[in-house]
Amino acid sequence: MTPEQHLELEEKVVAMLRTVYDPEVPVDIYSLGLVYKIDIDDDANLVIDMTMTAPNCPMADFIVDDARYKLESIEGIKSVTINIVFEPEWTKDMMSEEAKLELGFL
């Protein structure tokens, strides 16, 4: 995979992650700062490290399944692995400025 193809796939991954929402929060998971790592290897296998706003998030399975389903639909991605991690612990400081504004934190 060329660097240009890698960048193009990564941009598609970010765009797709911006369509995944926690049903309890009107902001996408990428803007919330829940995505810690996006890694695409030379064979187009995608690995995402992400977290939840709380370890006992009742919507975790829904969010992960929605993200996996959408990411698997990206042309060129061969496989998708989503790892839920809790290090570092998520804080409101990880949100984009737009997300903070949308949620009334600014």
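This section describes charge pairs, surface charge, backbone features and selected contacts in one structure. The model is predicted.

Salt bridges are treated first. The structure contains 5 of them. Side chains of opposite charge can pair when their charged atoms come close. Three pairs are described here in turn.

In helix 1, which spans residues 3–17, the side chains of Glu8 and Lys12 form a salt bridge. The N to O distance is 3.4 Å. Glu8 and Lys12 are 4 residues apart in helix 1, so about one helical turn separates them. Glu8 is partly exposed, at 43% relative accessibility. Lys12 is also partly exposed, at 34%.

Helix 2 covers residues 60–72 and holds both Asp65 and Arg68. The side chains of Asp65 and Arg68 meet in a salt bridge, at 3.7 Å from N to O. Asp65 and Arg68 are 3 residues apart, about one turn of the helix. Asp65 has a relative accessible area of 47% and is therefore partly exposed. Arg68 is partly exposed too, with a relative accessible area of 26%.

Helix 3 runs over residues 97–102. Within helix 3, Lys100 and Glu97 lie 3 residues apart, about one turn of the helix. Lys100 forms a salt bridge with Glu97. The closest N and O atoms of this pair are 3.9 Å apart. The cut-off for a salt bridge is 4 Å, so the pair qualifies. Lys100 counts as buried, at 15% relative accessibility. Glu97, at 48%, counts as partly exposed.

Helix 3 also holds Glu102. The relative accessible area of Glu102 is 53%, so this residue is exposed; the threshold for that class is over 50%. Setting aside residues up to four places away in sequence, Glu102 touches Pro26 and Val27. Glu102 and Val47 are 55 residues apart in sequence. Their C-alpha atoms are 28 Å apart in space.

The surface also carries a patch of negative charge. Asp39, Asp41, Asp42 and Asp43 gather there. Asp42 sits in the loop between strand 1 (35–40) and strand 2 (45–50). At 60% relative accessibility, Asp42 is exposed.

Ala44 occupies the loop between strand 1 and strand 2. Ala44 has a positive phi of about 70°, although this residue is not a glycine. Ala44 is buried, because its relative accessible area is 6% and the limit for buried residues is under 20%. The loop thus presents both classes, with Asp42 exposed and Ala44 buried.

Ala44 is also among the contacts of Ile77. Ile77 is placed in the loop between helix 2 and strand 3. At 11% relative accessibility, Ile77 counts as buried. Leaving aside neighbours within four places in sequence, Ile77 is in contact with Leu9, Val13, Ala44, Leu46 and Leu71. Of these partners, Leu71 falls within the residue range of helix 2. Ile77 and Asn56 are 21 residues apart in sequence. In space, 30 Å separates the C-alpha atoms of Ile77 and Asn56.

A second backbone feature is a cis peptide bond. The bond joins Glu87 and Pro88, with omega at about -5°. Pro88 is located in the loop between strand 3 (79–84) and helix 3.

Ser31 provides a further loop position with contacts across the sequence. Ser31 lies in the loop between helix 1 and strand 1. With a relative accessible area of 9%, Ser31 is buried. Beyond neighbours within four places in sequence, Ser31 is in contact with Arg18, Met94, Met95, Ser96 and Ala99. Ala99 falls within the residue range of helix 3.

Taken by location, the three described charge pairs lie in helix 1 for Glu8 and Lys12, in helix 2 for Asp65 and Arg68, and in helix 3 for Lys100 and Glu97. Loop positions include Ser31, which is buried, and Ile77, which is buried as well.

Key. Residues numbered from 1 in each chain as written. Predicted model: local features only at pLDDT ≥ 70, side-chain atom pairs only at ≥ 80, totals over all residues. Heavy atoms only, no water. Patch = residues over 30% accessible without salt bridge, like charges linked within 9 Å, V, L, I, M, F, W, Y side chains within 5 Å. Areas by Shrake-Rupley, 256 points an atom, 1.4 Å probe, with all protein chains shown as cover. Lys, Arg positive; Asp, Glu negative; His and termini not counted. Charge placed at Lys NZ, Arg CZ, Asp CG, Glu CD. Helix = DSSP H or I, 4+ residues; strand = E, 2+ residues; numbered from the N terminus. Buried < 20%, exposed > 50% of the residue type's maximum accessible area, 1.4 Å probe, protein only. Contact = heavy atoms within 4.5 Å.
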